[in-house]
Amino acid sequence: MTNFHDNLKEAMSIKGMSTKAVADKTGIKETTISNYLKTKGSLPNIENGLKIAEALGVSVKFLVTGFEDSDSEVLDKSNRSDYQRNLKTMSKLLKLPEEQRSAIELIISDFSLKYHSSN
């Protein structure tokens with residue numbers, strides 16, 4: 001199951017960036033970035049989510065879902081409401097008990113795999 005902190009870790013690893021490097025590039029405090037990386041850490045607001053995605057060269061969609069469209073471009077203004085809605089949804093999901101959250105994440109993962117394999 002992927003979630004925000006796992007996707008952030010993966011993007012940072014691929015890009016070879018430390019929490020300090022992401023903080024320096026985004027202007028977000030290093031302690032805040034570290035908190036986003038924790039299993040039970042907080043989620044960024046839309047502004048910070050956009051900054052992190054841009055710094056790492058991924059979309060907010062990737063940070064939230066773990067999926068990246070092959071023709072995805074980094075966060076243009078026309079898509080920000082979608083990203084903000086996804087971040088709010090993920091924030092609500094993280095507040096659920098582990099058992100319920102896992103079940104919902106499994107459903108989303110299965111649906112996404114079926115959708116991506118049919119396209």
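## Helix 7: E98 and R101

Let's start with E98, which is partly exposed at 43% relative accessibility (buried means under 20% relative accessible area, exposed over 50%, partly exposed in between, with a 1.4 Å probe and protein chains only). Its partner R101 is buried, with a relative accessible area of 7%. The two form a salt bridge whose closest N and O atoms are 2.2 Å apart (a side-chain nitrogen of Lys or Arg within 4 Å of a carboxyl oxygen of Asp or Glu). Both lie in helix 7 (residues 98-118), 3 residues apart, about one turn of the helix. Helices here are DSSP runs of H or I, at least four residues, numbered from the N terminus.

## How far to trust the model

This is a predicted model, where local features need pLDDT of at least 70, side-chain atom pairs count only at pLDDT 80 or more, and totals for chains, interfaces and linings use all residues. Residues are numbered from 1 along each chain as its sequence is written, and side-chain values use heavy atoms, without hydrogens and water.

The average pLDDT (the predictor's confidence in each residue, from 0 to 100) is 81, and 82% of the residues score at least 70. Over residues 71-77, pLDDT is below 50.

## The other salt bridges

The whole structure holds 3 salt bridges. In helix 2, K20 and D24 sit 4 residues apart and meet at 3.1 Å, N to O. D24 is exposed at 54%, while K20 is partly exposed at 46%.

Helix 4 contains E47 and K51, joined by a salt bridge at 3.4 Å.

Terms used. Contact means heavy atoms within 4.5 Å. Helices (H or I, at least four residues) and strands (E, at least two) are DSSP runs, numbered from the N terminus.
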